[in-house]
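Work through the exercises below with the model open beside you. Each task is followed by a solution in steps.

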Amino acid sequence: LLKDFTSLMIVSEFDNIIFNLASYGYLGDELHLQADTIIDEEQKTNILTSQKRRKNTIRFVRFIFVAILLAMLIGWGIIFRMQSQGTIFDTQFPGCGKENYDLAFEEFDNGKCYGGPFNTIECKYESGDCANFNTAYPSCNGKDLKYLHDVESEVGNNNCNITFAIPQCEYDGGDCCPY
């Protein structure tokens, strides 16, 4: 098998060499004209084949583009639906409560600690917004606070706020202490 393949390759190379010699005119005018005719016919065939291939390639590329675009739009739609229903929020903050999604969407990651139901470990301390507040007042968590307040600006602001006048919040950061 290897011997047959090798002999085929040698004969093919000799044929190419002889054809090139004929096309350059080294083997006479008659063979030169015949070689040019073969080259012209081959070029016409290649042009037609290349045009067909180009049309098929353009169709394939358009199909792939539309398929990718459609997949992206479907993916974005699914993500938008999950986001609007609170599914993604519930996945990121399990135990924080899907019912708090709309409020959390407005208040999370805005740099302010609102305390209340979001200043819990389940809500990851309002997604990190309450880190400074919890460092200053570690026991003043959301269990005793029912409503949202900007706790960082209300606790320890020299005004006694009765909502924070509890031992866990150090009696409003000392504002509600008579001494």
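**Exercise 1. Locate Glu 170 and Lys 124 and describe their backbone and exposure.**

Step 1. Glu 170 sits in helix H8; helices here are DSSP runs of H or I with at least four residues, strands are runs of E with at least two, and both are numbered from the N terminus. This is a predicted model, in which local features need pLDDT of at least 70 and side-chain atom pairs count only at pLDDT 80 or more, while totals for chains, interfaces and linings use all residues. Residues are numbered from 1 along each chain as its sequence is written, and side-chain values use heavy atoms, with hydrogens and water left out.

Step 2. The phi of Glu 170 is near 55°, which is positive although the residue is not glycine. Most residues other than glycine have a negative phi.

Step 3. With a relative accessible area of 43%, Glu 170 is partly exposed. Buried means under 20% relative accessible area, exposed over 50%, and partly exposed in between (1.4 Å probe, protein chains only).

Step 4. Lys 124 belongs to helix H5. Its phi is also positive, near 55°, in a residue other than glycine. Lys 124 is partly exposed, at a relative accessible area of 47%.

**Exercise 2. How many disulfides does the structure hold, and which parts of the chain does the link of Cys 113 and Cys 130 tie together?**

Step 1. Count the sulfur pairs: there are 2 disulfides, a disulfide being a pair of cysteine sulfur atoms within 2.5 Å. Such a link is a covalent bond between the sulfur atoms of two cysteines.

Step 2. The sulfur atoms of Cys 113 and Cys 130 are 2.1 Å apart. The angle about their S-S bond is 95°, and the link is right-handed.

Step 3. Cys 113 lies in the loop between helix H4 (101-107) and helix H5 (124-127), and Cys 130 in the loop between H5 and helix H6 (131-136), so the disulfide ties together parts 17 residues apart in sequence. Cys 113 and Cys 130 are both buried.

**Exercise 3. Describe the disulfide that joins Cys 160 to Cys 176.**

Step 1. The S to S distance between Cys 160 and Cys 176 is 1.9 Å. The link is right-handed, with 105° about the S-S bond.

Step 2. The pair links distant parts of the chain, 16 residues apart: Cys 160 is in the loop between helix H7 (151-154) and helix H8 (170-173), and Cys 176 is in the segment after H8.

Step 3. Cys 160 has a relative accessible area of 48%, so it counts as partly exposed.

**Exercise 4. Examine helix H1 and the residues at its end: what span does H1 reach, and is Ser 23 buried or exposed?**

Step 1. H1 covers residues 2-23, which makes 22 residues, and it reaches 32 Å from its first C-alpha to its last. That is close to the expected 32 Å, where the expected span is 1.5 Å times one less than the number of residues.

Step 2. Ser 23 is part of H1 and is buried, with a relative accessible area of 11%. Its side chain reaches the backbone oxygen of Asn 20 at 2.9 Å.

Step 3. Tyr 24 is in the loop between H1 and H2, and it is exposed at a relative accessible area of 62%. Gly 25, which follows H1, has a positive phi near 90°.

Step 4. The C-alpha atoms of Tyr 24 and Ala 131 are 85 Å apart, with their positions 107 residues apart along the chain.

**Exercise 5. Place Phe 60 and Gln 85 in the structure and give their exposure.**

Step 1. Phe 60 is in helix H2 (residues 29-85). It is exposed, with a relative accessible area of 52%.

Step 2. Gln 85 is also found in H2. Gln 85 is partly exposed, at a relative accessible area of 44%.

Step 3. Gln 85 and Tyr 101 are 16 residues apart in sequence, and their C-alpha atoms are 8.4 Å apart in space.

How values were computed: Polar contact = N/O pair within 3.5 Å; in protein donor to acceptor, adjacent residues only side chain to side chain.
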